[in-house]
Amino acid sequence: MTLTIDYDFRKQIQGFNLSVNYCYQCATCTGICPVAKMTNGEFNPRKLIEASILGLKDKLIELQQPNVWYCLTCQKCVEVCPQKVELTEIFDVIKNSCVKEGKIPDAFNSQAISVLETGIALPFSDPIMKRRKTLGLEDYKTADPKEIQTLLKGIGFDKLLRFEAPTTNEKEGGK
Ligand code: SF4
Ligand code: SF4
């Protein structure tokens, strides 16, 4: 795939968080990132910022190389960046664009559906509920799911999600 500069996308990122312009590609963020370490550099926050500065939308949204969804939002990179680049905020713009273009990973799509239907991202499993009972803890409580649905549907959240079961190919990451 030939990568082209998408000026609108670049403007969108800069409009959301101007700090992206201050990055001078020192890679301090990548040096401290636990995910970069665990993936031997396959995930690389410096490269995400570089592609954002250049407006390489295809690389960030279509190819997802590096894959922004690997970020744990631990904020270590933000703490050490000498230029005070707000990396995770910039990653939010990239993630939002992925969602709008139907490129949300299955795991996050499932969590979003769970929030919509039950009010929580990760429902407690039966063993956890039993353990809570054994420990004398109360049942967990959440806000009324109907209220949550009204709010989320009001902003069109449900229209961004995939409700059909993933195909075998999708389950395997489209490889
Ligand atoms: S630490 Fe900051 S200035 Fe250095 S590459 Fe990362 S974002 Fe850019
Ligand atoms: S916030 Fe994301 S990119 Fe930054 S150090 Fe943590 S995992 Fe890495």
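# Exercises on a helical chain with two ligands

By class, the residues forming the shell around ligand 1 divide into 10 nonpolar, three polar and one charged. The model is a predicted one, and the exercises below work through its two ligand shells, its helices and some features of its backbone.

## Exercise 1: the shell around ligand 1

Task: Determine how many residues surround ligand 1, which of them are the closest, and which helices each supply at least two residues of the shell.

Solution. Step one is the count, and it shows that 14 residues surround ligand 1. Step two picks out the closest of these, which are Cys-23, Cys-26, Thr-28, Cys-29 and Cys-81. Step three turns to the secondary structure, where helix 2, covering 28–32, and helix 4, covering 45–54, each supply at least two residues of the shell.

## Exercise 2: the shell around ligand 2

Task: Carry out the analysis for ligand 2, giving the nearest residues, the contributing elements and the composition by class.

Solution. Ligand 2 has 14 residues around it, and those that come nearest are Cys-33, Pro-45, Cys-71, Cys-74 and Cys-77. Two or more residues of this shell come from each of helix 3 (34–38), helix 6 and helix 7. Sorted by class, the shell around ligand 2 holds 10 nonpolar residues, three polar residues and one charged residue.

## Exercise 3: the chain as a whole

Task: Describe the secondary structure, the extent and the burial of the protein chain.

Solution. Begin with the elements: the protein chain has 11 helices and zero strands. Next take the extent, for which the C-alpha trace spans about 55 × 35 × 35 Å along its principal axes. Then consider burial, where 21% of the 175 residues count as buried. Finally, examine the contacts between residues at least 6 apart in sequence, of which 68% join residues at least 24 apart.

## Exercise 4: helix 7 and the nonpolar core

Task: Test whether the span of helix 7 agrees or disagrees with the expected one, and then establish which of its residues are buried and what covers them.

Solution. Helix 7 has 14 residues, which at 1.5 Å a residue should span 20 Å, and the end C-alpha atoms are 20 Å apart, so the two values agree. The buried residues of helix 7 are Leu-87, Ile-90, Phe-91, Val-93, Ile-94, Lys-95 and Cys-98. Their cover includes helix 1 (7–16), helix 2, helix 4, helix 5 and helix 6.

The next step is the largest nonpolar core, which has 27 residues, and in which Ile-49, Leu-87, Ile-90, Phe-91 and Ile-94 touch the most other members. Helix 1, helix 3, helix 4, helix 5 and helix 7 give two or more residues to this core, and helix 7 gives the most, with six residues. Taking Ile-90 as an example, and not counting residues up to four places away in sequence, one finds that Ile-90 touches Ile-13, Asn-17, Val-20, Ile-49 and Ser-52.

## Exercise 5: the surroundings of Cys-98

Task: Explain why Cys-98 counts as buried, and state which residues Cys-98 touches when those up to four places away in sequence are not counted.

Solution. Cys-98 lies in helix 7, which runs over residues 87–100. A residue needs 20 or more other C-beta atoms within 10 Å of its own to be buried, and Cys-98 counts as buried because it has 20 C-beta neighbours inside 10 Å. With residues up to four places away in sequence left out, Cys-98 touches Ile-61, Lys-103 and Ile-104. Cys-98 and Glu-62, although 36 residues apart in sequence, are 8.0 Å apart in space from C-alpha to C-alpha.

## Exercise 6: unusual backbone geometry

Task: Locate the cis peptide bond that ends at Pro-66, and give the phi and the burial class of Thr-73 and Gln-75.

Solution. As background, most residues other than glycine have a negative phi, and most peptide bonds are trans. The bond from Gln-65 to Pro-66 is cis, with omega near 0°, and Pro-66 is found in the loop between helix 5 (57–62) and helix 6 (76–80).

Thr-73 is found in the loop between helix 5 and helix 6, and although not a glycine, Thr-73 has a positive phi of about 55°. Because Thr-73 has 11 C-beta neighbours inside 10 Å, Thr-73 counts as exposed. Gln-75 is found in the loop between helix 5 and helix 6, and has a positive phi of about 75° although it is not a glycine. With 12 C-beta neighbours inside 10 Å, Gln-75 therefore counts as exposed.

How values were computed
Residues are numbered from 1 along each chain as its sequence is written. Chains are lettered from A and ligands numbered from 1 in the order in which they are written. This is a predicted model: local features need pLDDT of at least 70, side-chain atom pairs count only at pLDDT 80 or more; totals for chains, interfaces and linings use all residues. A residue is near a molecule or strand if its C-beta atom, placed from the backbone, lies within 6 Å of it. Helices (H or I, at least four residues) and strands (E, at least two) are DSSP runs, numbered from the N terminus. Ala, Val, Leu, Ile, Met, Phe, Trp, Tyr, Cys and Pro count as nonpolar, Asp, Glu, Lys and Arg as charged, and the others, Gly among them, as polar. Two residues are in contact if their C-beta atoms, placed from the backbone, lie within 7 Å. The expected span of a helix is 1.5 Å times one less than its number of residues. A nonpolar core is a set of buried Ala, Val, Leu, Ile, Met, Phe, Trp, Tyr and Cys residues joined through C-beta atoms within 7 Å.
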